[in-house]
2 protein chains.
Amino acid sequence: MTESAPDSATGKATEAAAAPPRRSDATRGAILAAARERFAADGYERATIRAIAKDARIDPSMVMRYYGNKEGLFAAACSIDLRLPDLAAVPREDVGRALVTHFLDVWENDGVLTAMLRVGITNAAGAERMQGIFRDQLLPVARRVCPDPADAPVRAGLCASQILGMALTRYVLRFPPAVALSGEEMADWLGPTVQRYLTAERP
Amino acid sequence: MTESAPDSATGKATEAAAAPPRRSDATRGAILAAARERFAADGYERATIRAIAKDARIDPSMVMRYYGNKEGLFAAACSIDLRLPDLAAVPREDVGRALVTHFLDVWENDGVLTAMLRVGITNAAGAERMQGIFRDQLLPVARRVCPDPADAPVRAGLCASQILGMALTRYVLRFPPAVALSGEEMADWLGPTVQRYLTAERP
DNA sequence: ACTGTTGGTCAACGCTTGTTGGCTAACGTA
DNA sequence: TACGTTAGCCAACAAGCGTTGACCAACAGT
């Protein structure tokens, strides 16, 4: 599982740079992959540059050359775009379940969110990024689906609390019951909750 | 070995020790208070013994003398017992709301849980302690209230996910909408969710 | 008054961290 | 072939960490 980084230059929008192919792309990718894994596993402070470099089988100084400093590395490590599916197509009463399934999906086959969750808790920059993701992904959905658009932030926040709580207990704290549930069952339980937070009359 | 082990013959071991009054109790308390605050604010790694000592206005070496090492200090800092009220008195259909209110309460006027949440994410011991709390507090309630006692762990886990998610967004990540809600409103929203996780037929 | 215990400070230790700069070797042209 | 650019390693730096032990001051019991 060395990296397939070069092909990630499919024209993504982070910067306008057309990604001039460098000879070091493989190394850069290896560093990024190792960083994601370490950040996800250990959190910001305990994930040392030296350990990441060793995982990527290069010298720590390379990390500095390519990413400036530790913060820069982390920023790069979680600059992946988690695209949400077009929930506009989903019927209004299924949005809750669709949302849960989507995030469950992203979390399951990408360590980035776990890393950000871990980091967001001790590192202010991480918290901000986390906040950004949920604002960008959840708020529009809430605004479109909930009865009074003025309520959208509150409703999005409630959804975030349930979805993040699920991720916390399942992927970070690993409470046995939360780990044991299948994705399907999880969606069965949480779907209605999220749906209610989005569409129910305020209590 | 400078520890208070010998004189603990006063009775029960773990807690309720008759607390032989030492001259340094004030200092010990100051250290513990500063530690709780720092751990809650910064997490385990970034809360340094030096900083805690400075907050308590004593020398770092005192921390070592009284608590052995950093782990010992943390263990002492979160060895507060959060007593849950006798939910046996609460009518079955109000348990959800009561539970949310209770945890909201504890979280609000005691930094310990925030500290543990923060620490539990990078520190295995913290995670275990967190798990213990929810097992001891939530599982019995679930077992008493839910239709099939065999489901209790799952239901308790689901409740934990929602309650921890609330705490995460409100007290750690500080998402604006989650912070803005009053405790009352929060209970209005989350109460039914927890209630459903506890008592509804499995979906 | 003498003495052992306790509360506390000070200065240092060994180690790990992020970070830097200089060096070598391979590459890509011209 | 010659040469500038790039990729990479090595050794070291300063700072901060947890931790230790020597040392002093105040108290308590006889």
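Visitor: Where does A:W107 lie in chain A?

Guide: A:W107 lies in helix α5 (residues 95-108) of chain A. Please keep in mind that this is a predicted model, where local features need pLDDT of at least 70, side-chain atom pairs count only at pLDDT 80 or more, and totals for chains, interfaces and linings use all residues. Residues are numbered from 1 along each chain as its sequence is written, while chains are lettered from A and ligands numbered from 1 in the order in which they are written.

Visitor: What makes α5 a helix?

Guide: Helices are DSSP runs of H or I with at least four residues, strands are runs of E with at least two, and both are numbered from the N terminus. By that rule chain A has ten helices and zero strands.

Visitor: Why does A:W107 count as buried or exposed?

Guide: Let us set its value against the rule. A residue is buried if 20 or more other C-beta atoms, placed from the backbone, lie within 10 Å of its own, exposed if 12 or fewer do, and partly exposed in between. A:W107 has 20 C-beta neighbours inside 10 Å, so A:W107 counts as buried. Across the 203 residues of chain A, 41% count as buried.

Visitor: What is A:W107 in contact with, leaving aside its neighbours within four places in sequence?

Guide: Two residues are in contact if their C-beta atoms, placed from the backbone, lie within 7 Å. With those neighbours left aside, A:W107 is in contact with A:L113, A:T114, A:A167 and A:Y171. A:W107 and A:Y171 are 64 residues apart in sequence, and their C-alpha atoms are 8.3 Å apart in space. Among chain A contacts between residues at least 6 apart in sequence, 63% join residues at least 24 apart.

Visitor: How do you know that the span of helix α8 of chain A agrees with its 21 residues?

Guide: The expected span of a helix is 1.5 Å times one less than its number of residues. For the 21 residues of α8 (residues 152-172) of chain A this should be 30 Å, and the end C-alpha atoms are 28 Å apart, which agrees. In α8(A), 19 of the 21 residues are buried, so by the 10 Å neighbour count this helix is mostly covered. Just after α8(A), A:R174 takes a positive phi of about 55°.

Visitor: What does each chain give to the contact between chains A and B?

Guide: Chain B gives 35 residues and chain A gives 35 residues. On the side of chain B that touches chain A, α8(B) gives the most, with 14 residues.

Visitor: How do that side's residues divide by class?

Guide: Ala, Val, Leu, Ile, Met, Phe, Trp, Tyr, Cys and Pro count as nonpolar, Asp, Glu, Lys and Arg as charged, and the others, Gly among them, as polar. The side of chain B that touches chain A has 20 nonpolar, ten polar and five charged residues.

Visitor: What makes a residue near a DNA strand?

Guide: Its C-beta atom, placed from the backbone, must lie within 6 Å of the strand. Around DNA strand D there are 16 residues, and A:S24, A:T27, A:D59, A:S61 and B:N69 come nearest. The largest share of that surface, three residues, comes from α3(B). DNA strand C is surrounded by 16 residues, the closest being A:S61, A:N69, B:S24, B:T27 and B:S61. Here α3(A) supplies the largest share, three residues.

Visitor: Which residues of chain A does the UniProt annotation "DNA-binding region" cover?

Guide: According to the unreviewed UniProt entry, the annotation covers residues 48-67 of chain A. Such annotations may be inferred rather than shown by experiment. Over residues 48-67 the chain is 75% helix and 0% strand.
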